[in-house]
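The paragraphs below lead through one protein chain, from its overall make-up to single residues. Please keep the sequence and the model open while reading.

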Amino acid sequence: MAGQHGSQLASMALKDMALALELIRRVNNALRQQGPTSGGTVLNLQRAIAMLGLNGLEDAARALKPWPGPMNEGQAQFMQSVMRRVQRAGQVAQALRPAGYDGEVIYLISLMQNLGRLLVQYHFPDDAQQIRQLQVAPEATEDNPNPRGMSEQSAAYAVLGCDLESLGLAVARYWGLGDELQHMMRRQPQEAPVRHADGDTELLRLTCSLANELVDALALPERKRQAAIELATRRYARALGLGLREIYDALGTSGAITDAGESGLGAMSDPAVGAAATAAPRSRLRERAESGAPAPAGMKTANNNANSTAQPGSPTGASEPGKDRP
């Protein structure tokens with residue numbers, strides 16, 4: 001492939017989650033060693049490959065452990081399902097991104113928001129299973145007729161002594177990733193209100209947070225799925241200028257709705273170009289959005305707003321995270 005364009009190499013590397021992370025780690029670690037004037041964080045595989053060279057790409061590929069590494073067959077299958085969910089969230093984030101932002105960067109930010117979960121599932125699969133078990137509600141009793149499982153954060157603290165996001169951030173700092181990306185790796189807390197994005201960094205962080213919440217909603221039992229999608233849309237509608245129509249279009253285009261019967265874990269496709277558009281199944285929520293009926297209180301159906309929302313800008317010629325460049 002030595003004679004092919006860098007974008008083709010980047011597209012191929014992006015299909016391999018481990019290779020994509022290894023390239024990001026290597027190029028940013030090299031930049032950190034060059035000092036603070038090296039040019040900031042690289043979160044674009046085409047640029048990473050251009051900086052590392054074809055030999056660097058080959059070295060990164062050879063450095064990866066053979067699949068499934070330390071995992072047994074059952075653990076490897078669950079790891080694959082986690083990877084499919086993360087990839088699906090990246091595709092949803094690509095579909096939701098405002099005009100003018102690089103889809104590859106959006107995909108990688110969404111991936112990095114799940115770094116801690118991926119690391120624990122790969123390196124500590126038994127601990128990951130304990131965390132999941134603690135999130136399952138116990139059986140109802142007379143004293144507690146409506147039991148609730150632990151939150152992911154509380155369960156991770158109980159098993160690991162830290163939450164999964166902090167683990168991912170610690171690894172990101174070790175890799176030499178900058179403060180700006182570390183901020184974007186933080187998902188919006190579900191108990192905190194979503195405020196209007198005051199810059200490109202915050203806009204990308206919120207877009208990827210919404211995509212991850214939507215894919216988490218698709219993993220819920222069918223009776224709870226629609227309400228969870230509606231809740232996530234309501235939380236982010238004002239800040240991102242999105243309504244139900246845009247949400248369902250993004251889920252349908254990424255194939256996430258089609259795979260909801262498999263807990264949102266569909267067959268892997270090319271994240272560089274996105275899945276082929278698929279028609280979303282009919283639902284009461286989608287029909288209401290398409291018919292123009294009033295949305296639930298506090299929800300904004302922004303048919304025109306989504307495309308006309310002003311982009312938080314920076315001075316002309318300045319580098320903006322995620323923005324397409326000539």
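The protein chain holds 15 helices and zero strands. The model is a predicted one, so the confidence values belong at the start of the account. The mean pLDDT of the protein chain is 82, and 78% of its residues reach 70 or more. Two stretches can be set beside that average. Residues 262-269 have pLDDT below 50, and in the model this stretch has 22 contacts beyond near neighbours in sequence. Residues 273-286 also have pLDDT below 50, with 27 contacts in the model beyond near neighbours in sequence.

For the chain as a whole, 47% of the 326 residues count as buried. The accessible surface of the protein chain is about 16500 Å², and carbon and sulfur atoms provide 50% of this area. Among contacts in the chain with a separation of 6 or more, 69% are accounted for by residues 24 or more positions apart.

The walk along the chain can begin at helix α1, which spans residues 6-14. Which residues of this helix are buried? They are L9, A10, S11, A13 and L14. The cover over the buried residues of α1 includes α2, α3 and α5, the last of these at residues 103-112.

Two of those covering helices also pack against each other. Helix α2 runs over residues 17-34 and helix α3 over residues 45-63; their axes are 9 Å apart and make an angle of about 115°. The crossing of α2 and α3 is right-handed. On the α2 side, the residues in this contact are L19, A20, E22, L23, I24, R26, V27 and L31. On the α3 side they are L45, A48, I49, M51, L52, G56, L57, D59, A60, A61 and A63. By class, the contact has 15 nonpolar residues, one polar residue and three charged residues. As background to reading such lists, an α-helix has 3.6 residues a turn, so residues three or four places apart point the same way.

After α3 comes a loop that leads to α4 at residues 73-96, and P68 lies in this loop. The peptide bond that joins W67 and P68 is cis, with omega about 5°.

Further along, three residues can be taken one by one. A197 sits in the loop between α10, residues 179-184, and α11, residues 200-218. Is A197 buried or exposed? A197 counts as buried because its relative accessibility is 4%, and the cut-off for burial is under 20%. Its C-alpha atom is 6.4 Å from that of A239, although the two residues are 42 residues apart along the chain.

S254 belongs to helix α13, which covers residues 244-254. With a relative accessible area of 2%, S254 is buried. The C-alpha atoms of S254 and Q91 are separated by 5.5 Å, while the two residues are 163 residues apart along the chain.

I257 lies in the loop between α13 and α14, the latter at residues 284-291. The relative accessibility of I257 is 11%, and therefore I257 counts as buried. Between the C-alpha atoms of I257 and V215 the separation is 9.1 Å, and along the chain these residues are 42 residues apart.

Note on methods:
Residues numbered from 1 in each chain as written. Predicted model: local features only at pLDDT ≥ 70, side-chain atom pairs only at ≥ 80, totals over all residues. Heavy atoms only, no water. Axes fitted to C-alpha atoms, helices over the stretch in contact; angles between N-to-C directions. Helix = DSSP H or I, 4+ residues; strand = E, 2+ residues; numbered from the N terminus. Left-handed = near helix turned anticlockwise from the far one by under 90°. Contact = heavy atoms within 4.5 Å. Nonpolar A, V, L, I, M, F, W, Y, C, P; charged D, E, K, R; others polar. Buried < 20%, exposed > 50% of the residue type's maximum accessible area, 1.4 Å probe, protein only. Areas by Shrake-Rupley, 256 points an atom, 1.4 Å probe, with all protein chains shown as cover. pLDDT = per-residue confidence, 0-100.
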